[in-house]
Amino acid sequence: MSTIAPTRSRAPIYEGSRIPSPIPTVLRTTQEMLATGDVQTINFGPNHPSTHGVLRLIVDLFGEDVTGVEAVIGYLHTGFEKTMEQKTWWKCITYPERIDYVSFQNNEYVFVAAVERLLGLETPPKATWMRTLLCELNRIHSHLVWLGTSALELGAISMFWYAFRERDQILDLSELVTGYRMHTRYFQVGGLAEDIPRGFFPECRKFCDWMPHAIDDYETLLTRNKIWLERTEGLGLLSAADAIALGQSGPVLRASGVDWDLRKVQPYLAYHQVDFDVPVFPEGDVYARYRVHMEEMRQSVRIVEQCLDRLENMEGEPWIADDRKVVLPPRHELHTSMESLIHHFKIVTEGFRVPEGEVYQAIESPRGELGCYVCSDGGPKPWRVKFRAPSYVALQATATCMTDALIADMIAIVGSLDTVMGEVDR
């Protein structure tokens, strides 16, 4: 069941719509304000630490009041999607992780899952549960990066060190199980790259025991902190209707009172077999988005613990499907079997073929609905790859949230949308 917190005793969210017209993503300064001659236009970014990447904000200021704002993208074109269309399915797996480099594990999964659907390939239960566990660890990792950087931007530098302390623990777990701290390529088509190593379960248990206390410490520092409340409450308002109209998802949508989480409404992996709550807050401000992130970390710890309970009883079970046309043969066979060596060589060099068709795979990434559209013409390369990036959609709400804001408030508001420019300019 979802948890909806009671509304605190402060001004209610606005009525009607605040989406700018005629351009929903651009807040224009009124002609009356421009006529005063006191409106100053400044460039905020594109190289500014508070823009969470290479983002340029063209801001109109009347004193310290923001009267107009336009978010300009295009400074970070990576060309990931077109690059993937020139690579084999096998080699494509490394690219989605770098689209959203903070949510690398979820991005890796959404592409692999889309390919598996085209192939009609089922993964073993052990791989399903381990994928769920790592995706939730990655959700905590992403929220910690958001929390630490957002607090730093508002002057709470100690929060940055605390959040990155726990982030480092998650990266240690990632290195233990995959060999890499980030961009792991651990999710393969059909399952996992390797079996879960010895020692991972007890180390992950230690983290699950520690993390709830760490979240308590974060909330002790921030949740009732007078300065934090003044910098977050009632700012960056976004109503439920406007959030839906702007296509929002994830923490931004749930902080506006909309109970929508793909892990619940369209379950994938093992989410239909675990017990967790979806935190929803109705206030629609920066503070509500902060609360959603905090509660989601607690729920992710619950999910990880349930995954551990199942995985600890799966010793010796397969971690990847046994389809030699798609999956690499076991390494030990390469020294004794010519057929295994040939399959290994052909998959790595030429890649495998995927049946003709198209599919859209959507998951609940730390930032919201992350979708991967893949179209195959039956060859060894994808004919078309397109990602529905939640950061790109969240950026569309910037103009709406900036209504009646000060220039100092803009830092908190833009940060609360939790955008990663790598997936905006993908």
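## Helix 7 and its nonpolar patch

W161 sits in helix 7, which covers residues 157-178. The model is predicted. The relative accessibility of W161 is 54%. Exposed means over 50%, so W161 counts as exposed.

W161 does not stand alone on the surface. Together with L152 and I157, W161 makes a nonpolar surface patch. The patch measures about 320 Å². I157 belongs to the residue range of helix 7, 157-178.

## Overall fold

The protein has 18 helices. Alongside them are 13 strands. The chain holds 426 residues. For that number, a compact globule would have a radius of gyration near 22 Å. The protein has 23 Å, which agrees with the globule value.

The C-alpha trace has its own dimensions. Along the principal axes, the trace spans about 80 × 45 × 35 Å.

## Burial, surface and contacts

How much of the protein counts as buried? The share is 54% of the 426 residues. The accessible surface comes to about 18000 Å². Carbon and sulfur atoms own 54% of that area.

Contacts reach across the sequence. Take the contacts with a separation of 6 or more. Residues 24 or more positions apart account for 72% of them.

## The four-strand sheet

Four strands form an open sheet in the order 2-7-6-3. Their pairing is antiparallel. Strand 2 (26-27) and strand 3 (39-44) are the edge strands. Each of these two pairs on one side only. In general, strands of a sheet pair through backbone hydrogen bonds, either parallel or antiparallel.

Strand 3 meets strand 6, residues 56-62, through six bridges. The two run antiparallel. Within this pairing, Q40 stands opposite L61 in strand 6.

## The hairpin of strands 11 and 12

Which strands does a two-residue hairpin join? Strand 11 leads to strand 12 through that connection. Strand 11 spans residues 357-365. Strand 12 spans residues 368-376.

How many bridges hold the pairing of strand 11 and strand 12? There are nine, and the sense is antiparallel. Y360 faces a tyrosine across the pair: Y360 stands opposite Y373 in strand 12.

Notes. Residues numbered from 1 in each chain as written. Predicted model: local features only at pLDDT ≥ 70, side-chain atom pairs only at ≥ 80, totals over all residues. Heavy atoms only, no water. Patch = residues over 30% accessible without salt bridge, like charges linked within 9 Å, V, L, I, M, F, W, Y side chains within 5 Å. Areas by Shrake-Rupley, 256 points an atom, 1.4 Å probe, with all protein chains shown as cover. Salt bridge = Lys/Arg side-chain N within 4 Å of Asp/Glu carboxyl O. Buried < 20%, exposed > 50% of the residue type's maximum accessible area, 1.4 Å probe, protein only. Rg over C-alpha atoms; globule rule 2.2 N^0.38 Å. Contact = heavy atoms within 4.5 Å. Pairing = 2+ DSSP bridges.
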